[in-house]
Amino acid sequence: MREVSRSPVWSALVAALTRDTIVLLYFAVAVTEALIYSLPMLDPGTLTAFGASPFQIPFVATAAMAGFYGLGRVETGEERVFWRILAFACVFWVATLVAIALVPAAEWRWVDDVWVDAAYLFFYSPVLFAAECKPHLANLGPRRDVERQLRWAGVTLLVFGWFLYFVVAPAIADPALLGTMLPSSLLFITIDGAIVMRFAWRAYSSGSTRWRVLYGLVALAGASLLVTDTLDLAEAMGWFALPDGAKTDLLWAIPPFFLLLAFRLREAPLPRSVDRATGERETSAGLDPVRVGSFLVASAFSFPLVHFVVHSWLPFTMRLAIFQRVIVVAELVSLGLLAVAAFMHLERRRVAAERRRTALEERVQRARSLEAVSRLSGVVVEQAAGALKGLGSFVDRSIDTLAAGDPLRQEALKAAEHVQRATEFVSGLRAISRQDRGRPVTLDLGAAVASLLPQVRQAVGPTVLVEHVAAHGEAPTTIDPAHLRAMVLDLATNARDAMSNGGRFRLETGGVELDPDAALGLAIRPGRYARLLARDTGSGIPKELLPHLFEPFLSTKPGEGIGGGLGLATLYALVSQYGGCVSVTSEPGDTAFEILLPSAR
């Protein structure tokens with residue numbers, strides 16, 4: 001079983017090492033430069049200057065070329081971000097090497113060590129940024145962007161703090177140290193270790209054979225950098241001395257080679273699937289303030305740990321130690337504050353996301369209930385409509401036949417009222433069953449509502465003040481005017497019943513743009529919508545009824561006849577039929593119904 005799972009990996013590696021053109025080009029360059037050291041073709045002093053920068057340039061440039069080659073064929077956007085970051089890291093590495101090569105060795109000063117170390121951070125920082133991406137996982141949505149930006153902010157503070165600690169502090173307190181390569185070696189070893197740990201963890205936790213290989217290759221690149229920088233540290237400490245033109249310079253060909261392999265194997269036929277446990281764990285988890293906060297806190301505490309290790313075996317001066325302690329405290333405070341701010345920000349977003357999810361679940365449950373009722377209503381409408389039509393015709397003929405003073409005529413008139421109310425009830429059921437598609441036309445919502453104001457004032461009576469506020473510009477939407485009239489009058493009559501002693505009924509119309517987050521909470525598509533807001537100053541709706549307000553046959557006005565309980569259900573059904581949504585907020589003295597209809601613009 002193990003051999004079967006490993007065969008695609010070994011096949012891809014063998015193919016890359018033996019048939020990939022760019023890899024073979026890399027081998028050719030390596031053999032050529034190895035011959036330069038082996039013959040030797042240059043004197044030892046020239047070889048030492050050659051190994052400091054020009055030797056590495058062809059290798060890193062080849063890796064950078066491989067990073068950008070075929071980048072457009074990468075399938076997912078997150079993976080493209082990951083590979084683009086690593087490719088640009090190689091570009092910055094090449095640029096730094098070229099800048100080093102342009103400065104003659106005889107003119108090199110300690111200030112040049114400072115700017116070179118700073119320039120190398122433009123290589124190291126993107127590599128650590130890439131470690132905080134998760135290209136092996138899909139469908140993480142906005143959560144991925146939020147967490148990644150916070151982690152990148154932490155990485156920036158971390159790398160900048162290490163630069164201050166290992167390079168800037170010695171440059172101020174003891175500039176002679178910069179001539180020993182000791183500060184640079186310590187800085188790079190620390191960052192190399194971080195790269196190895198982060199990418200090794202990514203390889204272990206990815207749950208994917210493909211990404212174990214790719215993450216593992218980047219971790220090996222970091223490990224090989226760690227080896228070469230450790231040799232520089234050992235030489236700076238005086239543990240041994242390498243002669244000019246030592247063949248250990250050839251080790252610098254190894255780190256870019258592992259990056260090159262990672263770039264070339266990204267299109268190899270490696271198993272891409274993520275195991276179920278990892279996929280479910282990552283995709284089901286929402287925003288996790290604790291996870292990001294823990295990462296930032298751990299980054300902060302890496303400073304006192306590194307400080308303790310360095311000062312336990314290196315004889316730094318007291319003045320330098322004081323400078324470095326100040327930097328450690330500053331980094332602890334800055335990363336700690338970032339961790340607190342990140343935790344609070346993510347917690348707010350998590351709570352908001354939880355509220356949106358709860359609202360979405362409620363809307364989905366309401367839609368399911370309405371769908372079940374609509375199917376039943378469709379059957380009832382088909383059976384009852386014909387019967388009521390025949391019964392209504394019979395009652396009308398009876399009224400026409402009976403004399404004005406006949407007692408049966410009064411009974412017939414009462415029967416006609418009941419038939420009319422039953423017909424209205426069936427009409428409401430027809431709307432809920434979505435059999436009444438209407439005749440939708442494109443209209444301006446503000447103008448259409450303004451034309452309904454006389455009917456609204458008649459419906460609410462003289463004790464209620466009716467206001468209409470239309471936003472600047474048109475709010476076009478597509479709807480049957482009869483359906484819009486039914487919605488507005490239903491809201492008006494509900495407002496009238498809630499304001500038995502009079503009050504104010506306000507209609508607002510305009511347009512609104514919904515971003516993906518806002519649209520998700522309302523269970524509709526993002527985009528532009530025409531908005532109708534109906535607000536009254538009535539007694540309000542009891543909180544226990546708000547979650548069930550749009551359910552069919554639920555009425556807050558018991559005993560008002562057959563049609564009770566269908567008004568808001570009909571409103572909800574009509575709005576949903578047009579792809580919109582309706583929401584309500586209520587408290588004593590302020591109840592607002594908001595209707596959003598897709599814009600026709």
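The exercises below work through the side-chain contacts of this structure, each with a solution in steps.

This is a predicted model, in which local features need pLDDT of at least 70 and side-chain atom pairs count only at pLDDT 80 or more, while totals for chains, interfaces and linings use all residues. Residues are numbered from 1 along each chain as its sequence is written, and side-chain values use heavy atoms, with hydrogens and water left out.

**Exercise 1. Find the largest nonpolar core and state which helix gives the most to this core.**

Begin with the term: a nonpolar core is a set of buried Ala, Val, Leu, Ile, Met, Phe, Trp, Tyr and Cys residues joined through side-chain atoms within 4.5 Å, where buried means under 20% relative accessible area, exposed over 50% and partly exposed in between, with a 1.4 Å probe and protein chains only. By this rule the largest core has 103 residues, and among those with the most contacts inside it are F82, F166 and F199. Helix α7, residues 142-173, gives the most to this core, with 13 residues; helices (H or I, at least four residues) and strands (E, at least two) are DSSP runs, numbered from the N terminus. Next, look at F199, which touches F82, V127, A130, A131, Y215, V218 and A219 when residues up to four places away in sequence are not counted, a contact being heavy atoms within 4.5 Å. Finally, a second, separate core of 40 residues includes A495, A530, F550 and L597.

**Exercise 2. Describe the aromatic pair formed by Y124 and F188.**

First apply the definition: rings of Phe, Tyr and Trp (its six-membered ring) pair if their centres lie within 6.5 Å, and planes under 30 degrees apart count as stacked, over 60 as edge-to-face and the rest as tilted. The count comes to 23 aromatic pairs. In the pair of Y124 and F188, the centres are 5.6 Å apart and the planes stand at 25°, so the pair is stacked. The two residues come from distant parts of the chain, since Y124 belongs to helix α6 (residues 110-131) and F188 to helix α8 (residues 182-205), 64 residues apart. Y124 is buried at 3% relative accessible area, and F188 is buried at 10%. As a last step, note the aromatic cluster formed by F82, W83, F199, W211, Y215 and F263.

**Exercise 3. Locate the salt bridge of R504 and explain which parts of the chain this pair ties together.**

Start from the rule that a salt bridge is a side-chain nitrogen of Lys or Arg within 4 Å of a carboxyl oxygen of Asp or Glu; the structure holds 16 of them. R504 pairs with E467, and their closest N and O atoms are 3.1 Å apart. Because R504 lies in strand β4 (residues 503-514) and E467 in strand β2 (residues 464-470), the pair ties together parts that are 37 residues apart in sequence. Both ends are partly exposed, R504 at 38% relative accessible area and E467 at 21%.

**Exercise 4. Determine how R528 and E513 meet, and whether E513 is buried or exposed.**

The side chains of R528 and E513 form a salt bridge of 3.8 Å, N to O. R528 lies in strand β5 (residues 527-536) and E513 in strand β4, so this pair ties together parts 15 residues apart in sequence. R528 is partly exposed at 35% relative accessible area, whereas E513 counts as exposed at 52%.
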